[in-house]
Number of protein chains: 2
Amino acid sequence: MSKGVEWAMHTLLNLGMLEDGEPVSSAQLAAGHGLPAAYLNKQLQLLVKAELLTSTPGPRGGFTLARPIDSISLLDVVVAIEGNEPIFRCAEIRRCGKIGELSTGNTSTTCAVKRAMYRADMAWREALAKQKLSDVQNELDIDNPSVRRTVRRAFGGA
Amino acid sequence: MSKGVEWAMHTLLNLGMLEDGEPVSSAQLAAGHGLPAAYLNKQLQLLVKAELLTSTPGPRGGFTLARPIDSISLLDVVVAIEGNEPIFRCAEIRRCGKIGELSTGNTSTTCAVKRAMYRADMAWREALAKQKLSDVQNELDIDNPSVRRTVRRAFGGA
DNA sequence: GTCTAAATACTCGGATACCCGCTGTCCGAGTGGTCCGGG
DNA sequence: CCCGGACCACTCGGACAGCGGGTATCCGAGTATTTAGAC
């Protein structure tokens, strides 16, 4: 999995901890975690395309959450960055080679291996969809009660 | 995910459909699904290292299942090929950059994002561990009752 | 003082190289089978 | 006919290239701000 997912997660969480709706530039967001600004910008564009962020150009511009964080699931973030293709790609090798040629029964059904892997994939996605960014935010608050103030000072005080 | 997982799945299932304990060479296994023999051999070595297959060198040699298929889960295969590292890699970016420097609270706890992603990862792994290769084999029998005979003829009749 | 308009600085957005890891290939070490010669 | 040994063919095992996608970077299009000038 690309590390862009981790960057997107923390960036969205940081934006969710700011009260006002003021946009934050990608440079500020990148400086918050020591990330390369240009590449982070590329990932944020994916989040804009997924309608998780809203971008405003020009001075005083930047990115803003497009939806409340309790409506954004971890799956939304993963799909926005990685795409929604399943982890396991079935190349239908069952129909190739000697076995595929000798096969006589119906091959209309989808590959059993693919089905089994797909079930596990769905379990993963459900576990991701069940967790909202707000849940993670609450855990952050419990771990470190001053994290919200820290984030605001890191961005507001710049 | 690397396509070697798919190859390993089908190869193990094919070996499980053979009655006798005669070893099957990687060339035969590869011909069964039209795969490059040398590269499949590389993947099978990983399965040997994971103690899912037993290899016997020399003429009439090849690979044999090291354990009964009802004791091999899909997770075993995935871990053997891909390794058992979690899908989501946490780079601990929360401790980097401006936010990391200004952070005052305890950072002894593991990253909340990492924990959340890990939960989904565990759901995926549990779903994989719950399904044994024998379960997939049963589905294959239902889909195509003649698949076992086909596999035996593909390998035995060579 | 106020309005207008141009210059400006800052932002996103997409196009362009770089690099690591999966993919694919090859050759050597080792072993069981086979064949030949001898007893 | 039976046995022993050397040869051989076939197998796995690890070492060696090639390429695609993620990673990183840069420059151009667009806009709110600012500022200077005219009324």
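User: Which residues come nearest to DNA strand C?
Analyst: In this predicted model, 19 residues lie around DNA strand C, and those that come nearest are A:Ser26, A:Gln45, A:Ser55, A:Gly58 and A:Phe63. On the DNA side, sugar and phosphate account for 60% of the atoms of strand C that come within 4 Å of the protein.

User: OK, and what does A:Ser55 have 2.7 Å from its side chain?
Analyst: An N or O atom in the side chain of A:Ser55 is 2.7 Å from a phosphate oxygen of DNA strand C, and A:Ser26 likewise has a polar side-chain atom 3.0 Å from a phosphate oxygen of that strand.

User: What about A:Gly58, backbone or side chain?
Analyst: For A:Gly58 a backbone N or O atom is involved, and it lies 3.0 Å from a sugar or linking oxygen of DNA strand C.

User: Which helices and strands supply at least two residues each to that surface?
Analyst: From chain A, helix H3 (37-49), strand E1 (53-56) and strand E2 (62-65) each do so, and from chain B helix H3 (37-49) does as well. By residue type, the surface near DNA strand C divides into ten polar, eight nonpolar and one charged.

User: Switching topic, how are chains A and B related?
Analyst: A turn of 180° with a shift of 0.0 Å along the axis lays chain B on chain A with an RMSD of 0.1 Å, so the two copies are related as by a two-fold rotation axis. The same surface serves both copies, since 100% of the contact residues of chain B recur in chain A.

User: Which residue of chain B comes closest to that axis?
Analyst: That is B:Trp124, whose C-alpha is 2.3 Å from the rotation axis.

Terms used:
Residues numbered from 1 in each chain as written. Chains lettered and ligands numbered in written order. Predicted model: local features only at pLDDT ≥ 70, side-chain atom pairs only at ≥ 80, totals over all residues. Heavy atoms only, no water. Near = heavy atom within 4 Å. Polar contact = N/O pair within 3.5 Å; in protein donor to acceptor, adjacent residues only side chain to side chain. Helix = DSSP H or I, 4+ residues; strand = E, 2+ residues; numbered from the N terminus. Nonpolar A, V, L, I, M, F, W, Y, C, P; charged D, E, K, R; others polar. Least-squares fit on C-alpha atoms with pLDDT ≥ 70 in both. Contact = heavy atoms within 4.5 Å.
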